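Reader: I am new to this structure and should be grateful for a close look at one part of it. Please treat the pairing of charged side chains, and set it in the context of the whole.

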Amino acid sequence: MHVTRLRIIDQLRKRQPGFAAKIPPNSDTSRTATIERVPDPVCALDSIWDEEWQKNIVDAAMERVKRRVKPDHYQIFYLNAVKKLGVRKVADMVGVNVAQVYLVKHRIAALIKKEVQKLEANEL
């Protein structure tokens with residue numbers, strides 16, 4: 001133990017306070033400073049807030065459209081667009097043909113898009 005202690009002391013003596021200054025500075029200026037690589041928590045919070053706001057607008061638009069369309073049409077749209085079920089599976093579940101699923105999805109998506117635009121216009 002005594003020998004180990006002496007070896008450690010020898011190593012510490014070799015590492016004088018000026019030891020770090022003897023290392024040549026990195027002349028590579030292409031790297032970004034560390035402080036600039038740390039994400040700004042305010043910007044991260046803003047992006048989270050914007051994502052949540054957009055999600056709420058889409059949810060409100062979907063709810064408004066849901067009240068205006070036939071329940072079975074909305075169910076087709078919901079299963080295919082929101083739940084991401086395949087077109088054939090949705091057609092089999094609801095009892096319609098594949099073309100009907102595509103048509104309903106297209107029409108309801110257009111209605112939701114218009115509703116989102118109305119809600120965003122009213123927000124200002």
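Author: The account below begins with the whole chain, turns to the charged pairs, and ends with the region between two of the helices.

The model is a predicted one, in which local features need pLDDT of at least 70 and side-chain atom pairs count only at pLDDT 80 or more, while totals for chains, interfaces and linings use all residues. Residues are numbered from 1 along each chain as its sequence is written, and side-chain values use heavy atoms, with hydrogens and water left out.

The protein chain contains 6 helices and 0 strands, where helices (H or I, at least four residues) and strands (E, at least two) are DSSP runs numbered from the N terminus. The pattern along the sequence is accordingly written α-α-α-α-α-α. Of the 124 residues in the protein chain, 17% are buried; the word means under 20% relative accessible area, while exposed means over 50% and partly exposed lies in between (1.4 Å probe, protein chains only). The accessible surface of the protein chain is about 10,500 Å², and carbon and sulfur atoms account for 58% of that area. Such areas come from the Shrake-Rupley method with a 1.4 Å probe, and for residues only the protein chains shown count as cover. A contact is defined by heavy atoms within 4.5 Å. Among contacts in the protein chain between residues at least 6 apart in sequence, 59% join residues at least 24 apart.

The charged pairs come next. Side chains of opposite charge can pair when their charged atoms come close. A salt bridge is taken here as a side-chain nitrogen of Lys or Arg within 4 Å of a carboxyl oxygen of Asp or Glu, and by this rule there are 3 salt bridges.

One of them joins aspartate 59 to lysine 55, with 3.1 Å between the closest N and O atoms. Both residues belong to helix H3 (residues 41-68), where they stand 4 residues apart, about one turn of the helix. Aspartate 59 is partly exposed at a relative accessible area of 35%, and lysine 55 is likewise partly exposed, at 47%.

The other pairs share glutamate 115, a residue of helix H6. Arginine 64 forms a salt bridge with glutamate 115, and their closest N and O atoms lie 3.0 Å apart. Arginine 64 is in helix H3 and glutamate 115 in helix H6 (residues 98-123), so this pair ties together parts that are 51 residues apart in sequence. Arginine 68 also meets glutamate 115 in a salt bridge, at 3.0 Å from N to O. Here again the link is between distant parts of the chain, for arginine 68 is in helix H3 and glutamate 115 in helix H6, 47 residues away. Arg64, Arg68 and Glu115 are thus linked in a network of salt bridges.

Is the shared glutamate 115 buried or exposed? Glutamate 115 is buried, with a relative accessible area of 4%. Arginine 64, by contrast, is partly exposed at 36%, and arginine 68 is partly exposed at 49%. Leaving aside residues up to four places away in sequence, glutamate 115 touches Ala61, Arg64, Val65 and Arg68.

The region around helices H4 and H5 completes the picture. Asparagine 80 lies in helix H4 (residues 71-82) and is buried, with a relative accessible area of 9%. Residues up to four places away in sequence again being excluded, asparagine 80 touches Leu85, Gly86, Val87, Val90, Val101 and Lys105. Asparagine 80 and valine 101 are 21 residues apart in sequence, and their C-alpha atoms are 8.0 Å apart in space.

In the loop between H4 and H5 lies lysine 84, which is exposed at 66% relative accessible area. Lysine 84 has a phi near 60 degrees, a positive value in a residue other than glycine.

Helix H5 (residues 87-94) has Val87, Val90 and Ala91 as buried residues. These three cover an arc of only 100 degrees around the axis, and therefore lie on the same side of H5; the arc is that of the directions from the helix axis to the C-beta atoms. The face of H5 turned away from the buried side carries the exposed residues Arg88 and Asp92. Just after H5, glycine 95 adopts a positive phi of about 85 degrees.
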